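Here are some short exercises to try with the structure open beside you. Attempt each task first, then walk through the solution.

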Amino acid sequence: WVLSTNPLISARPARVLQNIVSKHSSQFRGNAQHDALEFLLWLLDRMHEDLGAASPAQQSRGPAQVGWALGGRARCADAAHPSARSSLTCPHCLKQSNTFDPFLCISLPIPLRQTRALNVTLVLQCERWRFVRVGLAVPLLGTVADLREMVAREGRVPAEQVILAEVSPRGLLRSLSDPEALRAAGEAAPVYAFQPPPARCPRSLPTSPAVPRPEGPRLLPSAARSSDCLHRAPGGRILLLLCNTAGTGPQLARFGPPLVLREERGVSWEQLQLNILAQLRGVLRGEVRPQGTGALFRIRLAGGPAPCTYLSPQDPRPLCHPAIDRALQLCGAGGPPHVRLTVEWDTSTKERLFGSIQEEVVQDAESVRQQQQAHGQQHSCTLDECFQLYTKEEQV
C-alpha cells in the first residue's frame, strides 16, 4: 500500500484510509501492492457516486441540500470526467458529425520507428566509389522505388541507371523492381546497387567461320541454339550482371567482385569469354588467353524460370539464347533491363588462376555506423507525440 510506506504521512491516517478502502472494496484488502491507476479510477468513481446520492437526512432537509449534492457530483464530473470529441466527416458531401464521450483515462498509442537501417553496396563506375557499403534509413512502408532514389542521391547517379539486386554468398539471387514492398529487401541476401557502364555506339563484330557442332549427347543441359532466338536478326547491346562461383552443391561459393557488362547480342563465345576475363584482370594471377573454342568456365542463367539453363560454347551467338529474351521480358519496372548470369568455374581452374581469393573487399562508409547506432538505440517519444498519434485523422 503506497500510503503506508510514505514516511511523510503518519501511520494513523494512512491506516484509517486503508481500513475505509478495504471496507468498501475487497480487492484492496491486505498489505500487498496494488495498481495505483486502478485505485485512482475506483476512488474517482466512488466519489462520483457518493456525491450524487443524497442521504435520507439530506432529503428530509429539503431540496437545497439535494441540489448541493448534485452540484458536487457535477463538479466532480467536470474535474475528473473530461469529454473527447470525435468528428466524422463524409468525404463526398463533407457533412460533419460530432460526438462527445466522457472518459476517466486514455490508452495512448506509442509511435513506432518509421524507418529501418539497410546497408547497400554500391558498384559504380568511378574508382572512388567502386565498392563501398553505405547505410540508409529506408521507410518501413516504402517501395523499392524509394530505395532507388536514395541510392541515386547517395552515389550521385541518375535513378534510371541504378540496378538493385540481392547478392548472396552463392551468387545473384534476384533483382528488385520498383513496385515491390521495401520491408523484405535485404532479408534474404545483401542488397547491391549496380551502375551500368556507359553506352557506346554498336560496333560491327568480325565474322568467324562456323564451328562444327559435335555429334552425340551435349555436355550442357540446354538444348536451345541461337537459331531458335526470338529475334531472328540480333542487334544492339544488353546489360549482363555476373557473379563468379566455384565448387558444387553445398561447397558452391562466390568469389571475386560482381561484374556488370554491356555486350553485343551477336558476340561469340570466345569474345564473351575474353571480355569477362578482361574484367577480372585485377584478380588474375597472370595473363590468360584461351586458345581455340575451349571454355574455361560455364555460364548459367541465374534466377530464371529454368534454373539450369546454360549457354553453349559451341553456339555462334550464345547471348541469342531464347532464355535471354525471356529474362529481358521478365525484367520488372525500374532500372535498365538486364540479364543475371552465373559464371561457374571448376575448383582446380579457379585455384590455378585466382588462388584463394574470396569475395570482394567492401569499404564501409561512415553512414553505416551512424545508421546502426541510430536504429540500435531504444526508440523514445514524448507525451505530446503520443497525443498527436492518438488524435491523428484516419480514413474509415
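**Exercise 1: Placing a glycine**

Task: Find where glycine 332 sits, and decide whether glycine 332 counts as buried, partly exposed or exposed.

Solution. Step 1: Glycine 332 lies in the loop between α7 (322-329) and β12 (338-345). Keep in mind that you are looking at a predicted model.
Step 2: The relative accessibility of glycine 332 is 40%. Buried means under 20% and exposed means over 50%, so at 40% glycine 332 counts as partly exposed.
Step 3: Now look at glutamate 180, which is 152 residues away from glycine 332 along the chain. The C-alpha atoms of these two residues are separated by 9.5 Å.

**Exercise 2: The whole protein**

Task: How many helices and strands are there, and what share of the residues is buried?

Solution. Step 1: The secondary structure comes to 10 helices and 13 strands.
Step 2: Of the 396 residues, 37% are buried.
Step 3: Take the contacts between residues at least 6 apart in sequence: 63% of them join residues at least 24 apart.
Step 4: The accessible surface is about 23800 Å², and 54% of this surface belongs to carbon and sulfur atoms.

**Exercise 3: A sheet of six strands**

Task: Work out which strands stand at the edges of the open sheet with the order β6-β5-β7-β3-β4-β13.

Solution. Step 1: Six strands form this open sheet, and their pairing is mixed.
Step 2: β6 (171-175) and β13 (363-364) each have a single partner strand, so they stand at the edges and one side of each is left without a neighbour in the sheet.
Step 3: Follow β5 (residues 163-168) to β6: four bridges join these antiparallel strands. Alanine 165 has serine 175 as its bridge partner in β6, and glutamate 166 stands opposite arginine 174. The two strands form a hairpin with two residues between them.
Step 4: Turn to β7 (residues 191-194), which is joined to β5 by four bridges and runs antiparallel to β5. Here leucine 164 stands opposite alanine 193.
Step 5: Check the two faces of β5. In a regular strand the side chains alternate between the two faces of the sheet. Ile163, Ala165 and Val167 are on one side, Leu164, Glu166 and Ser168 on the other, and all are buried.

**Exercise 4: A sheet of five strands**

Task: Repeat the edge search for the open sheet β9-β8-β12-β10-β11.

Solution. Step 1: This sheet has five strands, again with mixed pairing.
Step 2: β9 (253-264) and β11 (310-311) are the edge strands; each has a single partner, so one side of each lacks a neighbour in the sheet.
Step 3: Nine bridges join β9 to the antiparallel strand β8 (residues 237-246). Alanine 246 is paired with alanine 253 in β9.

**Exercise 5: A hairpin and a pocket**

Task: Which strand gives the most to the lining of the largest pocket, and how is that strand paired?

Solution. Step 1: The largest pocket has a volume of about 710 Å³. Its lining has 18 residues; Ser87, Thr391, Lys392, Glu393 and Glu394 lie nearest the centre.
Step 2: β1 (83-89) and α10 (383-390) each supply at least two lining residues. β1 gives the most, with six.
Step 3: Sort the lining by class: eight nonpolar, six polar and four charged residues.
Step 4: Seven bridges join β1 to the antiparallel strand β2 (residues 96-102), and serine 83 stands opposite proline 102.
Step 5: β1 and β2 form a hairpin with six residues between them, and leucine 94 in the turn has a positive phi of about 60°.

Methods: Residues numbered from 1 in each chain as written. Predicted model: local features only at pLDDT ≥ 70, side-chain atom pairs only at ≥ 80, totals over all residues. Heavy atoms only, no water. 1 Å grid on protein atoms, 1.4 Å probe; cavity = no way out; pocket = protein on both sides within 12 Å on 5 of 7 lines; lining within 4 Å. Points joined across faces, edges and corners; volume = space filled by probe spheres on them. Nonpolar A, V, L, I, M, F, W, Y, C, P; charged D, E, K, R; others polar. Buried < 20%, exposed > 50% of the residue type's maximum accessible area, 1.4 Å probe, protein only. Pairing = 2+ DSSP bridges. Contact = heavy atoms within 4.5 Å. Areas by Shrake-Rupley, 256 points an atom, 1.4 Å probe, with all protein chains shown as cover.
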